[in-house]
Amino acid sequence: MSDIHICLSYHDGNGTYIKPFFTTLISVLENTHEYTIFHIFHDDTLHDQSRTLLENLTNSYACCILFHDMSKFTFTKQKQLLARYSVASLYRLKIPEVLPSDVKKTIYLDGDIICALDIKELWEIALEKQAVAAALDSEKSRNLFFTYFDFSKYMNFEKYFNSGVLILNLDKLRSSYPNLYDDSLRILSEHPEWDAADQNPLNIIFQDDCLFLDNRFNHISVDYRPESVKDLYGFIWHFAGIHKPWVYKNNLADFLYWHYFKKTPFGDTEEKLFIEQRMVKDGTLDNLILTYPLGSRKLFVKRLFYRLFTKRNGGQ
């Protein structure tokens, strides 16, 4: 079997992103015996200490860590198109351009992922002629987006995917979509009111050139209520949106995050783990409203009323 290539984007604006990001990598490595090459697309917020910690993973696991400095590209003007999202969400649009031509295929993962299966299962899925593979976004999210942003003019509800976990056919992207980055920015600039950053351009561009994955490969944590620890395994969990276990208490899926966090340099003693878990807030409505990014509170209120309304009318 060929080496597994995995790409992740890194921007650490407040100096804490390294912790969940590192935990994502640990969760992948703890569940596979395959040699894994991580491509980290980063900017100058990747500090020397964090870089060294990531490099040290090669001492304990069968892996290689390759760093791709995105500071050589100018993203200043593009930041205003992203609202509450990190500029790093644009880095994945450069993957076909930045990776060497002999890399024909790669997995892309967001940094709020916990992999509770062997990543080999995802890697072995054949793309055939499709440019990308992705799982549908949750029905709740699709209902919300298509209700409040009128996506139906541009995208198909039945094909709207979540871009947090992708398989990329790099050969086809290079040959058939050479302007992926520019085309995505154009769509973003035409629709500054849209939420979800570059997920929408990716949907517009690839909905008819996508292999749709089983949602166990991108399991949106907030949409499930696992009843026991044994129900957590066999999935790639995605802590999408504001429901991050290192910020808010959510559900039993949080257990997985802390299970792998304990294997990182940030939680490998009882004292470190206690300090980190003490900072986690209850996921109450008051806390969510008060701590949600100011620019996105309007969207939060829309989401709240949408959920209340659908429940009142018998929705799920």
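User: How many cavities of 30 Å³ or more does the structure hold?

Analyst: A cavity is a space where a probe fits but cannot get out. This is a predicted model, and the structure holds two cavities of 30 Å³ or more. The largest cavity has a volume of about 70 Å³.

User: Which residues line the largest cavity?

Analyst: The lining consists of Arg 92, Leu 93, Ile 95, Leu 166, Leu 168, Leu 173, Leu 180, Leu 202 and Phe 206. Strand E7 (161-169) and helix H8 (199-206) are the elements that give two or more residues to this lining.

User: How do the residues of that lining divide into nonpolar, polar and charged?

Analyst: Eight are nonpolar, none is polar and one is charged.

User: In what order do the strands form the sheet?

Analyst: Reading a sheet starts with listing which strand pairs with which. Here seven strands form an open sheet in the order E3-E2-E1-E4-E7-E6-E8, with mixed pairing.

User: Which strands stand at the edges?

Analyst: Strand E3 (63-69) and strand E8 (210-213) do. Each has a single partner strand, so one side of each is left without a neighbour in the sheet. From one strand to the next, the twist averages 25°.

User: How many bridges join E6 to E7?

Analyst: Four bridges join strand E6 (residues 132-136) to E7, and the two run antiparallel. Within E7, Asn 162 is the residue that stands opposite Ala 135.

User: What does H8 touch on the sheet?

Analyst: H8 packs on the sheet and touches E6, E7 and E8. The direction of H8 makes about 55° with that of E7. H8 and E7 have already appeared above, as elements that give two or more residues to the lining of the largest cavity.

User: Is Lys 94 buried or exposed?

Analyst: Buried means under 20% relative accessible area. Lys 94 has a relative accessible area of 9%, so Lys 94 is buried. Its place is in the loop between E3 and helix H3 (95-98).

User: Which residues does Lys 94 touch, not counting those up to four places away in sequence?

Analyst: On that count, Lys 94 touches Met 70, Phe 73 and Tyr 181.

User: Where is Glu 128 found, and is Glu 128 buried or exposed?

Analyst: Glu 128 is found in the loop between helix H4 (120-123) and E6. Exposed means over 50% relative accessible area. Glu 128 has 68% relative accessibility, so Glu 128 counts as exposed.

User: What is the phi of Glu 128?

Analyst: Glu 128 has a positive phi of about 55°, although Glu 128 is not a glycine.

How values were computed. Residues numbered from 1 in each chain as written. Predicted model: local features only at pLDDT ≥ 70, side-chain atom pairs only at ≥ 80, totals over all residues. Heavy atoms only, no water. 1 Å grid on protein atoms, 1.4 Å probe; cavity = no way out; pocket = protein on both sides within 12 Å on 5 of 7 lines; lining within 4 Å. Points joined across faces, edges and corners; volume = space filled by probe spheres on them. Nonpolar A, V, L, I, M, F, W, Y, C, P; charged D, E, K, R; others polar. Pairing = 2+ DSSP bridges. Axes fitted to C-alpha atoms, helices over the stretch in contact; angles between N-to-C directions. Contact = heavy atoms within 4.5 Å. Buried < 20%, exposed > 50% of the residue type's maximum accessible area, 1.4 Å probe, protein only.
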